[in-house]
Amino acid sequence: MEWSEMPDGFRLMLAGNMGEAQSLETLLAAATLLRDDPDIHWVMIGDGRRRAWLEEEVSKHGLHNRFHFLGRKPAEQMPRYFALADVMLVTLKDEAVFSRTIPSKVQSYLACGRPVVAALNGEGAQVITDSRAGIVVGAGNAQGLADAVARLYAMTSEERDAMGRRGRSLFQEEFTADKLISSLESMMHEVKEEGLCES
């Protein structure tokens with residue numbers, strides 16, 4: 001299979017839902033702060049009710065050469081896409097409900113062995129920090145997110161790979177079947193809330 005849709009350069013990848021919960025404003029603001037570095041690219045895989053809004057804002061801000069909207073992909077292809085990312089990205093709103101559980105997206109990222117950059121609070125932030133699998137800033141902190149991306153970009157690939165391996169090890173050690181089932185239920189609820197369930 002060809003993967004030519006993936007940009008050259010430093011690839012930050014957000015995979016999954018693009019809805020209200022994902023604090024896309026934070027992501028957009030961070031990307032705007034980093035706009036002068038042409039090597040940093042934001043790869044968006046998935047869909048959601050705010051995807052169209054984000055695409056419009058990307059165009060308004062003149063960031064169309066930095067963002068790459070690849071749409072939905074078959075589940076069996078996702079590991080390959082994850083492997084092509086330099087860093088996996090997660091942003092969530094600063095709301096209590098998102099702080100009490102580890103987002104399913106974070107678990108997927110850890111499982112694939114890629115480093116994570118995140119703007120979120122609560123248990124998801126804690127697990128990334130404790131495992132040293134990436135860099136975390138507070139939910140909604142666009143400047144912090146931009147700084148974290150810049151730090152990861154400045155690292156060697158070996159340093160980033162080490163982060164990914166630590167995340168993978170944590171996933172293998174800590175995430176039991178029961179926890180994964182609970183996470184799946186949470187993810188399904190999120191998708192239902194965003195109105196993305198197929199009939």
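The exercises below work through a predicted model of one protein chain, each with a stepwise solution.

**Exercise 1. Overall content**

Task: State how many helices and strands the chain has, and what share of its residues is buried.

Solution:
- The secondary structure comes to 9 helices and 6 strands.
- The chain has 199 residues, and buried ones make up 49% of them.
- For contacts with a separation of 6 or more, residues 24 or more positions apart account for 75%.

**Exercise 2. The sheet**

Task: Give the strand order of the sheet, and determine which strands stand at its edges.

Solution:
- The sheet is open and its 6 strands follow the order β3-β2-β1-β4-β5-β6, with parallel pairing.
- β3 (67-71) and β6 (134-137) each have a single partner strand, so one side of each lacks a neighbour in the sheet, and these two stand at the edges.
- On average, neighbouring strands are turned by 20° against each other, direction ignored.
- Toward the β6 edge, β5 (residues 116-119) is joined to β6 by 4 bridges, and the two run parallel. Alanine 119 has valine 137 of β6 as its bridge partner.

**Exercise 3. Strand β3 and its surroundings**

Task: Decide whether the residues of β3 are buried or exposed, then describe how the chain reaches β3 from β2.

Solution:
- Buried means a relative accessible area under 20%. By this cut-off 5 of the 5 residues of β3 are buried, so the strand is largely enclosed by the rest of the structure.
- Phe67, Phe69 and Gly71 point one way from β3, while His68 and Leu70 point the other way.
- β3 pairs with β2 in the parallel sense over 4 bridges. In one of the pairings, tryptophan 42 has phenylalanine 67 of β3 as its bridge partner.
- From β2 the chain crosses through α2 to β3, and this β-α-β crossover is right-handed.
- Helix α2 (residues 51-60) lies across β2 (40-45) and β3, and runs at about 155° to β3.

**Exercise 4. Methionine 6**

Task: Locate methionine 6, classify its burial and list its contacts beyond four places in sequence.

Solution:
- Methionine 6 sits in the segment before β1.
- Its relative accessibility is 5%, so methionine 6 counts as buried.
- Leaving aside neighbours within four places, methionine 6 is in contact with Arg11, Met13, Val43, Leu70, Tyr81 and Leu84.
- Leucine 70 is 64 residues away from methionine 6 along the chain, yet their C-alpha atoms are separated by 8.5 Å.

**Exercise 5. Salt bridges**

Task: For the salt bridges of arginine 50, arginine 72 and arginine 51, name the partner and give the N to O distance.

Solution:
- The whole structure holds 8 salt bridges.
- Arginine 50 meets glutamate 20 at 3.7 Å, N to O. Arginine 50 is in the loop between β2 and α2, and glutamate 20 in the loop between β1 (10-15) and α1 (24-33), so the pair ties together parts 30 residues apart in sequence.
- Arginine 50, at 10% relative accessibility, counts as buried, whereas glutamate 20 is partly exposed at 36%.
- Glu20 and Arg50 also belong to a network of salt bridges that links them with Glu25 and Lys93.
- Arginine 72 meets aspartate 47 at 4.0 Å, N to O. Arginine 72 lies in the loop between β3 and α3 (78-83) and aspartate 47 in the loop between β2 and α2, so this pair ties together parts 25 residues apart in sequence.
- Both partners are partly exposed: arginine 72 at 47% relative accessibility and aspartate 47 at 29%.
- Arginine 51 pairs with glutamate 55, the closest N and O atoms being 3.1 Å apart. These residues are 4 apart in helix α2, which means that about one helical turn separates them.
- Arginine 51 counts as buried at 17%, and glutamate 55 as partly exposed at 34%.

**Exercise 6. Helix α8**

Task: Check the span of helix α8 (residues 157-174) against 1.5 Å a residue, and list its buried residues.

Solution:
- The helix has 18 residues, for which a span of 26 Å is expected.
- The end C-alpha atoms of α8 are 26 Å apart, which agrees with that value.
- Arg160, Ala162, Met163, Gly164, Gly167, Leu170 and Phe171 are the buried residues of α8.

Methods: Residues are numbered from 1 along each chain as its sequence is written. This is a predicted model: local features need pLDDT of at least 70, side-chain atom pairs count only at pLDDT 80 or more; totals for chains, interfaces and linings use all residues. Side-chain values use heavy atoms; hydrogens and water are left out. Two strands pair if DSSP finds at least two bridges between them. Axes are lines fitted to C-alpha atoms, for helices over the stretch in contact, and angles run from 0 to 180 degrees between N-to-C directions. Contact means heavy atoms within 4.5 Å. The expected span of a helix is 1.5 Å times one less than its number of residues. Buried means under 20% relative accessible area, exposed over 50%, partly exposed in between (1.4 Å probe, protein chains only). A salt bridge is a side-chain nitrogen of Lys or Arg within 4 Å of a carboxyl oxygen of Asp or Glu. A crossover is right-handed if, with the strands pointing away from the viewer, the path from the first strand over the helix to the second runs clockwise.
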